[in-house]
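I opened this notebook to record, entry by entry, what I looked up in one structure. The entries follow the order in which I worked.

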Amino acid sequence: MFDLDAYLARINLPARVTPDAEGLGRLQREHRLAIPFENLDVRLGRGIAIDSASVFAKLVTAKRGGYCFEHNRLFMDALAALGFRVRPLLARVWLGVADTPPLTHTLSLVTIGDRDWIADAGFGGSYAPVMALADGWEAEAPDGAWFRLDRDPRHGWMLHRKGDAGSTDGRGTGPGWQPQYSFHETEVFDGDLALSNHWTSTAPASRFTQVTIASIVLPHGLAGLTDRRYHRRAGDNRSEAEITDPRVYRMRMSLMFGIDLTPEEVVQLGLF
């Protein structure tokens, strides 16, 4: 039985949301503001369990973070407990690739009335608002970035992103539309998620086995640690620094992301 009250306390929501598009958007937003994205267990060789009980124990009870397969499992369980109709989708992430990427990301398809929406509580590099599954649908994120959904003749749907809070107008002067990920509406089963999660958490070619990542959505931006590089953007303000002291790394991980690492775990990460 999903402990909805414990989940809502974890994401700092004092009351249940209504099972409509507004409620869906609020739940996703508070989830991303409260629970960090991170792949520490991958880098520490612990493996990633994505069954409901394991994910709840880690992200809610232990107040850790996780990556997409963990976040969206928890998020879907919460949506179901709130009365939403929801099922998972698998996606191909197109950032920084030349060839067709594998299915290494999951998101949620939510049906409200006669309209489908996509929601994503687990994409670490940016924050996309809840979006209607409609060709050409656009939405502005709180950091000033714009997102657009387009039908793709080969890959089903493509989510594009343009600009961020660093652009003077948020839309017209930043970088052009960049593909984030593509997906089909094909039904996804637990075995499909298990296979994609296994590759993403173990394959030498996976980014998550190569780089240590933590990030958290801010009210108007994002803060992250990529190996030893700390970066933060909030509104028009940006900062970046290289962490050279493992004690500072532990402090930053604790204060910014709420993750308490032991000195031995930092050594095991091999960053210093």
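**Entry 1: helix 4.** The model I am reading is a predicted one. I began with helix 4, which spans residues 52-61. Which of its residues are buried? I noted Val 55, Phe 56, Lys 58, Leu 59 and Val 60. I then checked what these buried residues pack against, and found helix 1 (4-10), helix 3 (40-43) and helix 5 (68-81). After helix 4 comes Lys 63, and I recorded a positive phi for this residue, near 55°.

**Entry 2: the eight-stranded sheet.** I traced an open sheet of eight strands and wrote down its order as 5-4-3-2-9-8-7-6, with antiparallel pairing. Why is one side of strand 5 and of strand 6 left without a neighbour in the sheet? Strand 5 (131-132) and strand 6 (138-140) stand at the edges and have a single partner strand each, so one side of each has no neighbour there. As background, I note that the strands of a sheet pair through backbone hydrogen bonds, in either a parallel or an antiparallel manner.

**Entry 3: strand 8 and its partners.** Within this sheet I looked closely at strand 8, residues 156-162. How many of its residues are buried? I counted seven of seven, and so entered the strand as mostly covered. Strand 7 (residues 146-152) pairs with strand 8 in the antiparallel sense, and seven bridges connect them. I found Phe 147 opposite Arg 161 of strand 8. The connection from strand 7 to strand 8 is a hairpin of three residues. Strand 8 also runs antiparallel to strand 9 (residues 178-183), with five bridges between them. There I identified Tyr 181 in strand 9 as the bridge partner of Leu 159.

**Entry 4: helices on strands 3 and 4.** I moved along the sheet to strand 3 and strand 4 (residues 115-119), which pair in the antiparallel sense over five bridges. Thr 111 stands opposite Asp 116 of strand 4. Next I asked which helices pack here. Helix 2 lies across strand 3 and strand 4, and its direction is at about 5° to strand 4. Helix 5 packs on the sheet as well, touching strand 2 (85-93), strand 3 and strand 4, and I noted an angle of about 15° between its direction and that of strand 3.

**Entry 5: two residues of helix 2.** I selected Gln 28, which is in helix 2. Is Gln 28 buried or exposed? Its relative accessible area is 0%, and it is therefore buried. Setting aside residues up to four places away in sequence, I listed its contacts as Phe 75, Ala 119, Asp 120, Ala 121, Tyr 127, Ala 128, Pro 129 and Val 130.

I then turned to Ala 34, also placed in helix 2 (residues 21-34). Why does Ala 34 count as buried? Its relative accessibility is 17%, and the cut-off for buried is under 20%. Beyond neighbours within four places in sequence, Ala 34 is in contact with Arg 10, Ile 11, Asn 12 and Ile 216. I also noted that Ala 34 and Phe 257 are 223 residues apart in sequence, while their C-alpha atoms are 8.9 Å apart in space.

**Entry 6: the five-stranded sheet.** I traced another open sheet, of five strands, in the order 1-10-11-12-13 and with antiparallel pairing. Its edge strands are strand 1 (37-38) and strand 13, each of which pairs on one side only. Strand 10 and strand 11 are antiparallel and share six bridges. Leu 218 stands opposite Gly 221 of strand 11. Helix 7 (residues 246-257) lies across strand 10, strand 11 and strand 12, and I recorded about 150° between it and strand 11.

**Entry 7: the largest pocket.** Finally I examined the largest pocket, which holds about 1000 Å³ of space. Which residues lie nearest its centre? Of the 41 residues in its lining, they are Val 93, Leu 95, Phe 123, Gly 125 and Arg 207. Several elements supply at least two lining residues each, among them strand 3, strand 8, strand 9, helix 6 (190-202) and strand 10 (213-218). Strand 12 gives the largest share, four residues. By class, I entered the lining as 15 nonpolar, 18 polar and eight charged residues.

Terms used
Residues are numbered from 1 along each chain as its sequence is written. This is a predicted model: local features need pLDDT of at least 70, side-chain atom pairs count only at pLDDT 80 or more; totals for chains, interfaces and linings use all residues. Side-chain values use heavy atoms; hydrogens and water are left out. Buried means under 20% relative accessible area, exposed over 50%, partly exposed in between (1.4 Å probe, protein chains only). Contact means heavy atoms within 4.5 Å. Two strands pair if DSSP finds at least two bridges between them. On a 1 Å grid over the protein atoms alone, a cavity is a set of points where a 1.4 Å probe fits but cannot get out, and a pocket is an open set with protein on both sides within 12 Å along at least five of seven lines; lining residues have an atom within 4 Å of a point. Grid points are joined across faces, edges and corners, and a volume is the space filled by probe spheres set on the points. Ala, Val, Leu, Ile, Met, Phe, Trp, Tyr, Cys and Pro count as nonpolar, Asp, Glu, Lys and Arg as charged, and the others, Gly among them, as polar. Axes are lines fitted to C-alpha atoms, for helices over the stretch in contact, and angles run from 0 to 180 degrees between N-to-C directions.
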